[in-house]
Each structure stands twice: as structure tokens, then as C-alpha cells.
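I opened a notebook for this structure. I want to record what I looked up, one entry at a time.

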Amino acid sequence: MANETLEQILNVSASVGTPFGKGDAVLEQTLRDFIQLQSTTIAVGTQVVGVRTVGWLSFTWYTGANGTFSYPLDDNAVVDPTKIGTKNYSVKLEKGQGRCVFLDSTLLRGDTWENMNRQQLAIISARADLIDNHILTKLVAGAGQAQTATALWSASGADPEADILNAMDKIFKNARVSGNERLALILPAELRADMMNTRLYTNVLMSLQERLNSMVQLDVYYTRDYGTGNAIPAGGAGTVGAILMVKGAETAEFFTYNGDGYQETELTRIEGVGYSWLLTSYMGTVIHEHQDGASAGTNNRICTITGCL
């Protein structure tokens, strides 16, 4: 098997009565891992928060960020310990499923691999969209600060650069950060033209995205999950149109369960139709609290920009 290609390893055979043939357990595991990995790879949200696989379905953190350190002290003095207390926050992983059917007719006509591949990609895309919506919704709700845009970025008099820099100032002023952290800006895809449109900055022709990258450590991401009923509302004045945040696991984390206790993939015969393949996964996102003055469930490492779209 060491010298075989992925397609050869996953090659489907109906010769033994199932669409997977010999070694079906290995194939099912490979399909599950491939779908889960690709889903997190193409999602926007997983590129800006920490991503971990865990062996639990719920977890509680006790907030002990406010420590004490006394100086100077007498050589023989001993300070009292910092009291963490009982204040806490938690995350709960919830269940999600994706399912496809390998039809007998497709198997008989010899289009097995292509059919499986298309169905896998459909699950990957759907799972990635769900993960994005889940993470971005949590980030919007977990923002400890908000910056009002000068105007809609498409309107005359708008100043997207000032809006972004003002939001950045709020993060570095109020969050528990050193000031050198890398930032992520998540925008509706519709605003990409505003960020990529070139103009003269001190006699240098560049886009706003290029200018910001030359000034600060900023990565820009674009999402289609915006508009009424979506993660980023983007409904004009007063509604969230963008997210600026400190990237990484200290700000927020996305978890998927990989422990024991349930069947992640199930292959079931549907009489007269084919085989049903079901993928089950548990996932959840937490916004870490830093006792930085933000309310419960939020932190000041995240700042939304309202009224930009």
C-alpha cells in the first residue's frame, strides 16, 4: 500500500457486496478524516481562531487572568497567593451530521469514484459553510468593542482606512495584548473591490489592503456569509459589517470531538437503492474571557465595525 496513490487506496469495489470492498473500515476512516480536514481548511473562520480536536464534549475555564506580583519585598517576605475564585466560562460541543448515498445504479455503470468524489466535495462544502457561520456568529457575539464607520464604504466621504485603524486602536488600548500581535480583518466579499481599488498614497499607487499590510501585521479575509440572517448582518448603519480581531487561540478556539463513545461514520444498506454513508461530528467554539473589562462571553481582542456595508 505504501506505493499506491490515494485514488488506488480509495478505489471502490462492489465485488464483495459493499461499495467499499475490502478494508472498508480504513476507507471509511480516510473519508471521514478527509472531509473533516478539508472542511476546516477551506473555511475562513478556522484560519483566524485556534483549532483543536479534543476528547471531551464540554469544558469549563476558571478566569484567573487578574494576578498579582509585588515588588520590592523584604528578603524573608512571602506574598499571598492570587485567588482565582469561582468565576468561569465554558463551551459545549454540539452534534452535526452529513450524509450521502452511493447508488446501486452508479456502481453498476462504473462511475463509482467520480460519484463518491462529488458527494464528498458536497459534504465538505456544506460543512465548511456551517463551520464558517458558526465561528463568525460567535465572533460577532463575542466582540467586546465596536467601531462606527464614517459612512458606508461605497459612499462619498467614507474613510475605510480610518475606520480600520480606529478599530485597531481600540483593540490595542483595551485588550490584554502586547501591541505586536497579528490581526485579522474579516469582510463581506462585496467589500473586496473597496479594499483592492488602487489610489495614490504619498505618491505611491497601491490598494488599501496593500497599504494596511505595509503599515501593520494584518491579514484580510473575505466571506460570503453576510446579509440579513447571516453571521455578519451588513445591513447598513448600526449593523455589523466587518470583524477586526487578534488572530489565534488566545482570542477564540474551535473544537471538534475525536474521543470514544459514538460511531462517527455509519454505512447502511438502503434496500433497492444503495448504501447510505453518514458522518457525525461534534463541534463548538469558545470566546476566551480575559478579564479585560469586556462583559461575560466577550473580550476586547475582537472589535466589530458597524455601518460599513
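My entries follow, from the whole chain down to single residues.

**Entry 1: the whole protein**

I noted at the start that this is a predicted model. I then looked up the secondary structure. The protein has 7 helices and 14 strands. Next I checked burial. Of the 309 residues, 43% are buried. I also looked at how far apart in sequence the contacting residues lie. Among contacts with a separation of 6 or more, 77% are between residues 24 or more positions apart.

**Entry 2: two helices, α5 and α7**

I picked one helix pair. Helix α5 covers residues 160-174, and helix α7 covers residues 208-215. At what angle do α5 and α7 pack? I found about 35°, with the axes 11 Å apart. The crossing of α5 past α7 is right-handed. I then listed the residues that make the contact. From α5 they are P160, E161, I164 and L165. From α7 they are L208, R211, L212 and M215. Sorted by class, the contact has 6 nonpolar residues and 2 charged ones, with no polar residue.

**Entry 3: aromatic rings**

I looked up the aromatic pairs. The count is 6. Which residues form one aromatic cluster? I wrote down W56, F59, W61, Y89 and F255.

I also looked for charges over rings. R192 has its charged end over the ring of Y222, 5.9 Å from the ring centre. R269 does this with Y275, and there the distance to the ring centre is 4.9 Å.

**Entry 4: the loop between β2 and β3**

I spent some time on this loop. Strand β2 is 58-62 and strand β3 is 88-92. F69 lies in the loop between them. Is F69 buried or exposed? F69 has 78% relative accessibility, so I entered it as exposed. I measured nothing here; I read a computed distance from F69 to P81, and their C-alpha atoms are 9.6 Å apart. Along the chain, F69 and P81 are 12 residues apart.

K83 is in the loop between β2 and β3 too. K83 is exposed because its relative accessible area is 77%. From K83 to G67 is 16 residues along the chain, and their C-alpha atoms are separated by 8.1 Å.

P72 is another entry for the loop between β2 and β3. The peptide bond joining Y71 and P72 is cis, with omega about -5°.

**Entry 5: T223 and its contacts**

I moved to strand β9, residues 218-223, where T223 is placed. T223 has a relative accessible area of 4%, so it is buried. What does T223 touch, leaving out residues up to four places away in sequence? I listed L136, I186, L187, P188, A189 and I232.

**Entry 6: two positive phi values**

I looked for positive phi in residues that are not glycine. A234 has one, at about 45°. A234 sits in the loop between β9 and β10, and β10 is 240-246. Why did I enter A234 as buried? Its relative accessibility is 14%, and buried means under 20%.

Q291 also has a positive phi, near 50°, and is not a glycine. Q291 is in the loop between β13 (274-287) and β14 (299-306). With 25% relative accessibility, Q291 counts as partly exposed.

**Entry 7: A126 in helix α4**

My last look was at helix α4, residues 112-141, which holds A126. A126 is partly exposed, because its relative accessible area is 47%. I also noted A126 and G98, which are 28 residues apart along the chain. Their C-alpha atoms are separated by 8.3 Å.

Methods. Residues numbered from 1 in each chain as written. Predicted model: local features only at pLDDT ≥ 70, side-chain atom pairs only at ≥ 80, totals over all residues. Heavy atoms only, no water. Axes fitted to C-alpha atoms, helices over the stretch in contact; angles between N-to-C directions. Helix = DSSP H or I, 4+ residues; strand = E, 2+ residues; numbered from the N terminus. Left-handed = near helix turned anticlockwise from the far one by under 90°. Contact = heavy atoms within 4.5 Å. Nonpolar A, V, L, I, M, F, W, Y, C, P; charged D, E, K, R; others polar. Phe/Tyr/Trp six-rings, centres within 6.5 Å; stacked < 30°, edge-to-face > 60°. Lys NZ or Arg CZ within 6 Å of the ring centre and 35° of its normal. Buried < 20%, exposed > 50% of the residue type's maximum accessible area, 1.4 Å probe, protein only.
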